[in-house]
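Here's a quick walk through one chain, starting from its ring contacts and working outwards. Have the viewer open while you read.

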Amino acid sequence: MKGRKKIVFFTVLAVALAALLVGIILTGGERSESVEETMRNAVLHESDKISLFGLIDVNPSVISGFIVTAVLLICAAIIRIFVLPRFKLVPGKFQSVIEQAVEFFDNLGKSRSPRHNGFIGAYAFAAGVYIFFGTLFELFGVQVTGVTGNPVTLPAPLSDINGAISLGCLSYLVILGGGIAFNGVRGLLLTLKDFSLPISMSFRLFGALLSGLLVTELVYYYTALSFVLPVLVGVLFTLLHAVIQAYVLTLLTTMFFGEVSERPEIREREIRRTDGEPETAAE
């Protein structure tokens, strides 16, 4: 019985490999455009603009951003109206996931800003969720028609430099507002001192997400590699970047928010307490 199963398995594997080889041979060759043009278009979107309500031609990531934002807002409203009132003392699977996600970002804010963590915890949660699901959005392969009539696959919203800069600047404004609101002139000066912060956060986010997109585009460019490998590469890069970038940006935002809004001794004491380090007698 076991020998028969092995024969069937290897037969199916051989047929699959043969079909893959035939497909590579029959569709041999590469795209008509050069690899440089493919990479350039993936970054600048010069030939895949999309008409926004017939008013203006925009990059595909703008449409992606609108779709992701609308879906997240609708899901948030549904959870708040229909799911949240039914939460139980002993949580189920979905309730546990929601509570753990909220608790993670809330603790991230509390550990960096012990006294002023209400808003920064909520912002970290919103930014983290947007980055995570916005990055995963490209896995769905949603296609729309571009202004040239060709189909365009919508990318992750933050794989466009404009989207990454917008989120980086928004995070910087949140840090600036917290510094002014809770630490006055000192908080303002501390925030303005790190004037390069929105640039570094924006380009770190943009570079990480764009690298996955470019690697996938490069793999798709060569027909011999475009059958199975893009699935593995795309999924792995997307999941990895979704988790890492959501964590990195929220961590940096809460960390700098705590630095400009809290007194140094309170912040250091809370960080040591979170990390499990003993407090000194003076504290």
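## Rings first

Ring pairs join Phe104, Phe105, Phe125 and Tyr247 into a cluster. Keep in mind that this is a predicted model. Across the model, the count of aromatic pairs comes to six.

Let's take two of those pairs in turn. A pair of aromatic rings is described by the distance of the centres and the angle of the planes. Here is how these two look:

| Pair | Centre to centre | Angle between planes | Type |
|---|---|---|---|
| Phe104 and Tyr247 | 6.1 Å | 40° | tilted |
| Phe105 and Phe125 | 5.9 Å | 80° | edge-to-face |

The Phe104 and Tyr247 pair bridges distant parts of the chain: Phe104 sits in helix H4 (residues 93-112) and Tyr247 in helix H8, with their positions 143 residues apart. Are these two rings buried or exposed? Neither, as it turns out: Phe104 is partly exposed, because its relative accessible area of 39% falls between the 20% and 50% cut-offs. Tyr247 also comes out at 39% relative accessibility, so Tyr247 counts as partly exposed too.

Now for the edge-to-face pair. Phe105 belongs to helix H4 and Phe125 to helix H5, so this pair ties together parts 20 residues apart in sequence. Phe105 has a relative accessibility of 10%, which is under 20%, so Phe105 counts as buried. Phe125, with 29% relative accessibility, counts as partly exposed.

## Stepping back to the fold

So what does the whole chain look like? There are nine helices and four strands, and reading along the sequence gives the pattern α-α-β-β-α-α-α-β-β-α-α-α-α. The chain has 283 residues, and 35% of them are buried. If you take the contacts between residues at least 6 apart in sequence, 70% of them join residues at least 24 apart. The accessible surface is about 16,800 Å², with 69% of that belonging to carbon and sulfur atoms.

## Nonpolar cores

Which residues touch the most other members of the largest nonpolar core? Those are Ile131, Leu167 and Leu205, out of 19 residues in that core. Helices H5 (118-136), H6 (161-193), H7 (197-221) and H8 (229-261) each put in at least two residues. H8 gives the largest share of this core, with six residues.

There's also a second, separate core of eight residues, with Ile50, Leu52, Val58 and Ile63 among them.

Leu205 is worth a click. Setting aside neighbours within four places in sequence, Leu205 is in contact with Ile131, Leu158, Ala164, Leu167, Gln245 and Leu249. Two of the names on that contact list, Ile131 and Leu167, come up again with Leu205 among the residues that touch the most other members of the core.

## The largest pocket

Last stop: the open space. The largest pocket holds about 1,500 Å³. Its lining is made of 48 residues, and Leu72, Ala126, Val129, Tyr130 and Phe133 lie nearest the centre.

Which helices each supply at least two residues of that lining? They are H3 (60-83), H4, H5, H6 and H8. Of the lining, the largest share comes from H3, with 14 residues. H5, H6 and H8 also each supply at least two residues of the largest nonpolar core, so to speak of the pocket and that core is to meet these helices twice.

Note on methods
Residues numbered from 1 in each chain as written. Predicted model: local features only at pLDDT ≥ 70, side-chain atom pairs only at ≥ 80, totals over all residues. Heavy atoms only, no water. Core = buried A, V, L, I, M, F, W, Y, C linked by side-chain atoms within 4.5 Å. Buried < 20%, exposed > 50% of the residue type's maximum accessible area, 1.4 Å probe, protein only. Contact = heavy atoms within 4.5 Å. Phe/Tyr/Trp six-rings, centres within 6.5 Å; stacked < 30°, edge-to-face > 60°. Areas by Shrake-Rupley, 256 points an atom, 1.4 Å probe, with all protein chains shown as cover. 1 Å grid on protein atoms, 1.4 Å probe; cavity = no way out; pocket = protein on both sides within 12 Å on 5 of 7 lines; lining within 4 Å. Points joined across faces, edges and corners; volume = space filled by probe spheres on them.
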